[in-house]
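Q: Could you walk me through this one? I'd like to start with the charges and then move on to the fold and a few single residues.

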Amino acid sequence: MGTEVQWSELQRDPKSVAALADEGDVRVRRRDGAALLLTREDRAGSASEGAVIASRALRGLLGHVSPDALADALLEEFPWISVLPQADRREFVEDFVRAFRACAEMGRWSLLTETLHEWRTTAVIHTDPALVRQLSEPLDGDFGPVPDPSES
């Protein structure tokens, strides 16, 4: 992250803050809301274009790498993959790549974040054999709300 300024500084001296943005991203702190990020359009465009290029390269690599090998490679970044059953690892890889490609094309990364959160939660479930057994049984009726397994 580049520089950080207060909202009042942006209001008081926008040209100076714009000059800071020419040098790098500027986080604008506000008392009544989340911080804002001020960045130049050309930098944002380059980042988005880079993500699309990386996504397309990843798609090309997938044609030459087995899902199991890709899961092994992703294990370094996401060690919780190791607790997933083999079939789920393959499904995680497919979901991860699909979400990554979609996010790169849209320039919005919330879907990838959500995908990772859901799979991490699935991994947490797989660490509890009793919970796996319970969730694998047929359901009869409504059992009420399900607690978040990451909070246990």
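A: Before the charges, a word on counting: Lys and Arg are taken as positive and Asp and Glu as negative, while His and the chain ends are left out. Please also keep in mind that this is a predicted model.

Q: Fine, so how many positive and negative side chains does the protein chain have, and how far apart are the centres of the two sets?
A: The protein chain carries 27 negative and 17 positive side chains, and 7 Å separates the centres of the two sets.

Q: And the secondary structure, what is the pattern along the sequence?
A: There are seven helices and three strands in the protein chain, and reading along the sequence gives β-α-α-β-β-α-α-α-α-α.

Q: What radius of gyration does the protein chain have, set against a compact globule of 152 residues?
A: The protein chain has a radius of gyration of 21 Å, whereas a compact globule of 152 residues would be near 15 Å. Along the principal axes, its C-alpha atoms fill a box of roughly 65 × 45 × 25 Å.

Q: How much of the protein chain counts as buried?
A: Of its 152 residues, 23% count as buried. The exposed surface of the protein chain comes to about 10,600 Å², with 53% of it supplied by carbon and sulfur atoms. As for contacts between residues at least 6 apart in sequence, 37% of them join residues at least 24 apart.

Q: Let me jump to α7; how many of its eight residues are buried?
A: The count is zero, so helix α7, which spans residues 129–136, is hardly covered, buried here meaning under 20% relative accessible area. At the start of α7, a side-chain oxygen of Asp128 comes to within 3.2 Å of the backbone nitrogen of Ala130.

Q: What about Thr115, buried or exposed?
A: Thr115 has a relative accessible area of 9%, and because the limit for buried is under 20%, Thr115 counts as buried. Thr115 is placed in helix α6, residues 110–126, and, with neighbours within four places in sequence left aside, Thr115 is in contact with Asp95, Phe96 and Ala99.

Q: Switching to Gly45, where does that one lie?
A: Gly45 is part of helix α3, which covers residues 41–62, and with 35% relative accessibility Gly45 counts as partly exposed. The C-alpha atoms of Gly45 and Gly107 are separated by 9.2 Å, although the two residues are 62 residues apart along the chain.

Q: Where does Arg40 lie, and what does Arg40 touch?
A: Arg40 lies in the loop between β3 (33–38) and α3. If residues up to four places away in sequence are not counted, Arg40 touches Ala21 and Asp22. A polar contact of 2.5 Å also joins the side chains of Arg40 and Asp42, and Arg40 is partly exposed at a relative accessible area of 31%.

Q: How far apart are Arg40 and Glu105, in sequence and in space?
A: Arg40 and Glu105 are 65 residues apart in sequence, and their C-alpha atoms are 20 Å apart in space.

Q: Last one: which residue shares a polar contact with the side chain of Asp13?
A: Ser16 does, through a side-chain polar contact of 2.5 Å with Asp13. Asp13 itself is in the loop between α1 (7–12) and α2 (14–23), where its relative accessible area of 33% makes Asp13 partly exposed.

Conventions
Residues numbered from 1 in each chain as written. Predicted model: local features only at pLDDT ≥ 70, side-chain atom pairs only at ≥ 80, totals over all residues. Heavy atoms only, no water. Helix = DSSP H or I, 4+ residues; strand = E, 2+ residues; numbered from the N terminus. Rg over C-alpha atoms; globule rule 2.2 N^0.38 Å. Buried < 20%, exposed > 50% of the residue type's maximum accessible area, 1.4 Å probe, protein only. Contact = heavy atoms within 4.5 Å. Areas by Shrake-Rupley, 256 points an atom, 1.4 Å probe, with all protein chains shown as cover. Charge placed at Lys NZ, Arg CZ, Asp CG, Glu CD. Polar contact = N/O pair within 3.5 Å; in protein donor to acceptor, adjacent residues only side chain to side chain.
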